[in-house]
Amino acid sequence: MNNDNNMENVIYNGLIFLDKKCKNKKEIFNLIANKAKEVDLINDIEEFIDSLEQREKIMPTNVGHLIGIPHGKSKAVNKPFVAFMRLNNEIDWIEQDSEKVKLVFMIGVPEDNASKLHLKIISELSKKLIDEDFKDMLLQESDKDVIYKNLNSIKIKEEK
């Protein structure tokens with residue numbers, strides 16, 4: 001049986017950051033992880049950041065077109081979540097790389113999440129980000145609520 005869920009189960013208005021000034025992904029990871037801990041989505045900042053960094057070592061999560069999708073599977077995550085950050089400047093995701101990043105979607109899922117939720121979120125998000133109008137909205141929209149509403153419109157298929 002298939003259930004369609006919106007991203008609203010995993011995206012939080014409080015985890016949408018617009019025009020942040022961060023020099024590198026370490027600053028991004030710290031800023032989002034601290035906020036996620038504040039709203040009780042994670043229980044250990046360092047452990048969660050470590051899961052993000054371990055994933056980056058396997059393969060960097062910059063996907064081109066100014067987009068980075070870091071994700072961590074960790075027992076430090078209490079509840080699955082997606083955070084969105086638009087930087088006020090493009091940054092190097094990895095050193096000496098021509099691929100810059102300006103839009104960051106951070107995904108956190110509990111380690112025991114057997115449904116591979118993070119892969120479904122990445123898949124649906126990636127499909128939506130191919131849409132130039134959607135990407136332009138993320139790059140230009142100044143109203144956080146509009147971005148939140150648009151992100152919530154993304155469907156995630158869950159097999160039960």
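A salt bridge is taken here as a side-chain nitrogen of Lys or Arg within 4 Å of a carboxyl oxygen of Asp or Glu. By that rule, the count for this predicted model comes to 6 salt bridges. Side chains of opposite charge can pair when their charged atoms come close. Three of the pairs are described below.

One of these bridges joins Asp-19 and Arg-86, with N to O at 2.9 Å. This pair links distant parts of the chain: Asp-19 belongs to strand β2 (residues 11–20), Arg-86 belongs to strand β6 (residues 81–92), and the two positions lie 67 residues apart in sequence terms. The two partners also sit in unlike surroundings. Asp-19 has a relative accessible area of 42%, so it counts as partly exposed. Arg-86, on the other hand, comes out at 2% and is therefore buried, given that buried means under 20% relative accessible area.

Asp-19 deserves a little more attention. Leaving out residues up to four places away in sequence, Asp-19 touches Arg-86, Leu-87 and Asn-88, so the salt-bridge partner turns up again in the contact list, contact meaning heavy atoms within 4.5 Å. Its backbone stands out as well: phi of Asp-19 is near 55 degrees, a positive value in a residue other than glycine. There is also a long jump along the chain to report, as Asp-19 and Ser-142 are 123 residues apart in sequence but have their C-alpha atoms 9.0 Å apart in space.

A positive phi shows up at His-65 too, again at about 55 degrees and again not in a glycine. Here the setting is a loop, the one between β3 (62–64) and β4 (66–68). With 58% relative accessibility, His-65 is exposed, because exposed means over 50%.

Back to the charged pairs. Lys-23 forms a salt bridge with Glu-27, and the closest N and O atoms of that pair are 2.9 Å apart. Lys-23 is exposed at 64% relative accessibility, while Glu-27, at 27%, is partly exposed. The third pair, Lys-127 and Glu-124, has its N to O distance at 3.1 Å. Both of these residues are in helix α3 (residues 117–129), and their spacing of 3 residues is about one turn of the helix. Glu-124 has a relative accessibility of 17%, so this acidic partner counts as buried.

Some acidic residues group together instead of pairing. Asp-131, Glu-132, Asp-133 and Asp-136 form a negative surface patch. Patch members must have over 30% relative accessible area and no salt bridge. Asp-133, one of the four residues of the patch, lies in helix α4 (residues 132–140). At 62% relative accessibility, Asp-133 is exposed.

The interior looks rather unlike that patch, and two nonpolar residues illustrate it. Val-101, in strand β7 (residues 100–110), has 0% relative accessibility and so counts as buried. Setting aside neighbours within four places in sequence, Val-101 is in contact with Asn-62, Leu-66, Ile-67, Gly-68, Leu-87, Asn-89, Glu-90, Ile-91 and Trp-93. Gly-68 from that list lies 33 residues from Val-101 in sequence, with 6.0 Å between the C-alpha atoms.

Ile-32 is found in helix α1 (residues 25–38) and is likewise buried, with a relative accessible area of 0%. Its contacts, not counting residues up to four places away in sequence, are with Leu-15, Phe-17, Ala-83, Met-85 and Met-106. Asn-88, by contrast, is 56 residues from Ile-32 in sequence and 16 Å away in space, C-alpha to C-alpha.

Ser-51 rounds off the buried examples. This serine is in helix α2 (residues 45–58), and its relative accessible area of 11% makes it buried. Beyond its neighbours within four places in sequence, Ser-51 is in contact with His-71, Gly-72, Lys-73 and Ser-74.

Definitions and conventions:
Residues numbered from 1 in each chain as written. Predicted model: local features only at pLDDT ≥ 70, side-chain atom pairs only at ≥ 80, totals over all residues. Heavy atoms only, no water. Patch = residues over 30% accessible without salt bridge, like charges linked within 9 Å, V, L, I, M, F, W, Y side chains within 5 Å. Areas by Shrake-Rupley, 256 points an atom, 1.4 Å probe, with all protein chains shown as cover. Lys, Arg positive; Asp, Glu negative; His and termini not counted. Charge placed at Lys NZ, Arg CZ, Asp CG, Glu CD. Helix = DSSP H or I, 4+ residues; strand = E, 2+ residues; numbered from the N terminus. Buried < 20%, exposed > 50% of the residue type's maximum accessible area, 1.4 Å probe, protein only.
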